[in-house]
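Biologist: I should like to understand the terms applied to this structure. Please set each value against its cut-off.

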Amino acid sequence: MLLGSCSEGNHRLLVYEFVCNGSLDQHLSKAAKVPLTWEQRIKIALGAAKGLEYVHSHNIIHRDMRPNNILITHDYESLLGDFGLAKTQHGTNSDDSFVGTLGYMAPEYAQTGKVSTKTDVYSFGVVLLQLISGRRTTDKIPGGKSLIGWAKPLLKERNYPDLIDRRIIDSHDFLQLFRMIRLTEKCLCSDPSKRFTMEEVNYNESFQTSPYQNMVYLQ
């Protein structure tokens, strides 16, 4: 939340509320002293999804959805930050100046410069993949693969055990993990018309409902 601003001569200052746990990126780092628990990862995913749906409901495209811009409070609620690249949506937009972060760009944006709420959904899918795997897009992966290039074959083969962050291998909830992986696949569809909206993500990401409800819907 923006708390205030100040301007004096050439000096500008914006004052935001303090978020004590920093950004999600810090917690995904292998250098993190205490890795996120499975429950914390679920809570962060739910909060970020609701925030992004709210932004989209007001016809705003974030355009830089990534862990650095997901802030974590003392009780591991997540807040979306850095709207410096955000823009108002008017149908399907075309942007001649490519902005955002490599590793999170949807295929159609990288190829044509077209942005929409679906490009944000793709980026959110990358974030979900990072919460599952504990990997960052800048991590070195054997074979020089990108995070998506590494994960796509595992998703296709349903080799879910190899996707999971080793630090939570014995503590995750299997049914929640299954639904989270299926959501990730829906968000990472190369064809934006087959990609979920954030409203659909939130409908299917309610992990407190019947354990079989969302599994049927996602088949």
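Biologist: Which residues does Arg-195 touch, not counting residues up to four places away in sequence?

Modeller: In this predicted model, Arg-195 touches Ala-106, Pro-107, Glu-108, Lys-118, Thr-119, Val-121, Tyr-122, Lys-186, Cys-187, Cys-189, Ser-190 and Glu-200. Arg-195 itself is found in the loop between α6 and α7. One of these partners, Lys-118, lies 77 residues apart from Arg-195 along the chain, with 7.0 Å between their C-alpha atoms.

Biologist: Why is Arg-195 called buried?

Modeller: The relative accessible area of Arg-195 is 2%. Buried means under 20%, so Arg-195 is buried.

Biologist: What makes the pairing of the Arg-195 side chain with the backbone oxygen of Cys-189 a polar contact?

Modeller: The side chain of Arg-195 reaches that backbone oxygen at 2.9 Å. The cut-off for a pair of N or O atoms is within 3.5 Å, and the value therefore satisfies it.

Biologist: Which residues touch the most other members of the largest nonpolar core?

Modeller: They are Leu-24, Ile-70, Phe-124, Leu-163 and Met-180, in a core of 48 residues. Elements giving two or more residues to this core include α1 (24-28), β4 (70-72), α4 (117-133) and α6 (174-187).

Biologist: How do the residues lining the largest pocket divide into nonpolar, polar and charged?

Modeller: Eight are nonpolar, one is polar and two are charged. Among the lining residues are Glu-17, Gly-81 and Asp-82. Glu and Asp count as charged and Gly as polar, so Glu-17 and Asp-82 are charged and Gly-81 is polar. The space in this pocket is about 290 Å³.

Conventions
Residues are numbered from 1 along each chain as its sequence is written. This is a predicted model: local features need pLDDT of at least 70, side-chain atom pairs count only at pLDDT 80 or more; totals for chains, interfaces and linings use all residues. Side-chain values use heavy atoms; hydrogens and water are left out. A nonpolar core is a set of buried Ala, Val, Leu, Ile, Met, Phe, Trp, Tyr and Cys residues joined through side-chain atoms within 4.5 Å. Buried means under 20% relative accessible area, exposed over 50%, partly exposed in between (1.4 Å probe, protein chains only). Helices (H or I, at least four residues) and strands (E, at least two) are DSSP runs, numbered from the N terminus. On a 1 Å grid over the protein atoms alone, a cavity is a set of points where a 1.4 Å probe fits but cannot get out, and a pocket is an open set with protein on both sides within 12 Å along at least five of seven lines; lining residues have an atom within 4 Å of a point. Grid points are joined across faces, edges and corners, and a volume is the space filled by probe spheres set on the points. Contact means heavy atoms within 4.5 Å. A polar contact is a pair of N or O atoms within 3.5 Å; within protein, one must be able to donate a hydrogen and the other to accept it, and residues adjacent in sequence count only if both atoms are side-chain atoms.
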